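Work through these exercises with the model open. Each task is followed by a stepwise solution.

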Amino acid sequence: MRKIISPFVNKIATAPAVFRRVAGVTLATSLLAGCAFTQTSDISNPLTRKASWFSYLNADDMRIACSAGEAEGQIRMIYNANYYKEVRSYEVRPISGFDKFDMVSRVFGPAEVSQINVDINAPLGAFGGEEATDTLSRASYLRLTDALQADGFGYQDRDGLRLHSDDYYWVAIGCSSKNITLAAWTSAKDDLSALGFPAVLQSLSSIERDLPEPPEAGAPANPYPVSSSKERNSDSRHFYRTVRGNTLR
């Protein structure tokens with residue numbers, strides 16, 4: 001049975017459901033290599049990002065808070081526009097009794113990769129950044145969640161999908177009723193320009209820079225410089241995460 005993304009908001013019980021039933025979160029398997037990102041971590045600090053990017057991408061901090069009933073209605077969305085060119089993140093959290101919501105938008109990149117010593121446990125490197133905080137109304141929040149649902153959030157089956165560092169992809173993770181939902185879209189499989197929620201995000205964020213354009217649908221991906229999957233995932237500049245249920249590993 002589908003769950004509504006914000007059951008705590010009065011009078012929206014008839015709004016489209018956007019969370020699907022998910023299995024309980026196994027935190028032991030979601031804490032990936034590297035330092036765990038926590039709710040007190042500062043993602044704006046390049047050293048924090050460098051040490052805990054996989055944990056942040058998998059929303060380990062939100063998963064812990066969600067299982068404790070402390071992250072209801074939170075959503076994290078990340079746009080990987082070729083990892084070493086630009087990454088964006090959007091954090092939405094309810095405030096004021098769920099009548100309003102804070103949205104923090106961040107831009108990371110580009111990076112001078114030739115100057116960065118990177119490994120699989122700390123892939124981000126010294127990205128620069130830009131940040132903006134905006135207050136969303138309940139109507140704007142529902143506009144965003146409706147757009148996410150229309151693009152498949154809460155209804156996907158992407159088990160085994162790989163998200164490569166030099167591809168373009170979106171990840172969205174949200175908490176409802178102590179359950180986590182994860183959705184992913186990648187330029188290798190999807191027409192990212194056809195997604196609706198990125199335009200909603202851009203209209204709600206005060207960051208004026210346009211989102212990087214994804215490759216055209218069906219465009220061939222750049223080949224990796226190595227062939228084996230083991231080498232790909234250990235190479236300092238080329239790595240991937242794999243969707244496994246509602247986690248990224």
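**Exercise 1.** Which residues does L148 touch, not counting residues up to four places away in sequence?

*Solution.* The model is predicted. Start at L148 and take heavy atoms within 4.5 Å as contacts. Skip residues up to four places away in sequence; L148 then touches I75, M77, F153, A172, W185 and F197.

**Exercise 2.** Place L148 in the largest nonpolar core: which elements give two or more residues to this core?

*Solution.* Step one: the largest nonpolar core has 27 residues. L148 is among those with the most contacts inside it, along with M77, V92, W170 and W185. Step two: list the elements that give two or more residues. They are strand 1 (75–81), strand 2 (86–95), strand 3 (100–108), helix 4 (138–150), strand 6 (168–176), strand 7 (179–186) and helix 5 (197–204). Step three: find the main contributor. Helix 4 gives the most, five residues. Step four: look beyond this core. A separate second core has 26 residues, including A65, V171, I180 and L182.

**Exercise 3.** Which cysteines form a disulfide, and what parts does the pair tie together?

*Solution.* Step one: apply the cut-off of 2.5 Å between cysteine sulfur atoms. One disulfide results. The pair is C66 and C175, with sulfur atoms 2.2 Å apart. Step two: locate both ends. C66 lies in helix 3 (residues 60–67) and C175 in strand 6, so the disulfide links parts 109 residues apart in sequence. Step three: assign the hand. The S-S torsion of C66 and C175 is about 85°, so this disulfide is right-handed. Step four: check burial, which means under 20% relative accessible area. C66 is buried at 1%. C175 also counts as buried, at 1%.

Methods:
Residues numbered from 1 in each chain as written. Predicted model: local features only at pLDDT ≥ 70, side-chain atom pairs only at ≥ 80, totals over all residues. Heavy atoms only, no water. Core = buried A, V, L, I, M, F, W, Y, C linked by side-chain atoms within 4.5 Å. Buried < 20%, exposed > 50% of the residue type's maximum accessible area, 1.4 Å probe, protein only. Helix = DSSP H or I, 4+ residues; strand = E, 2+ residues; numbered from the N terminus.
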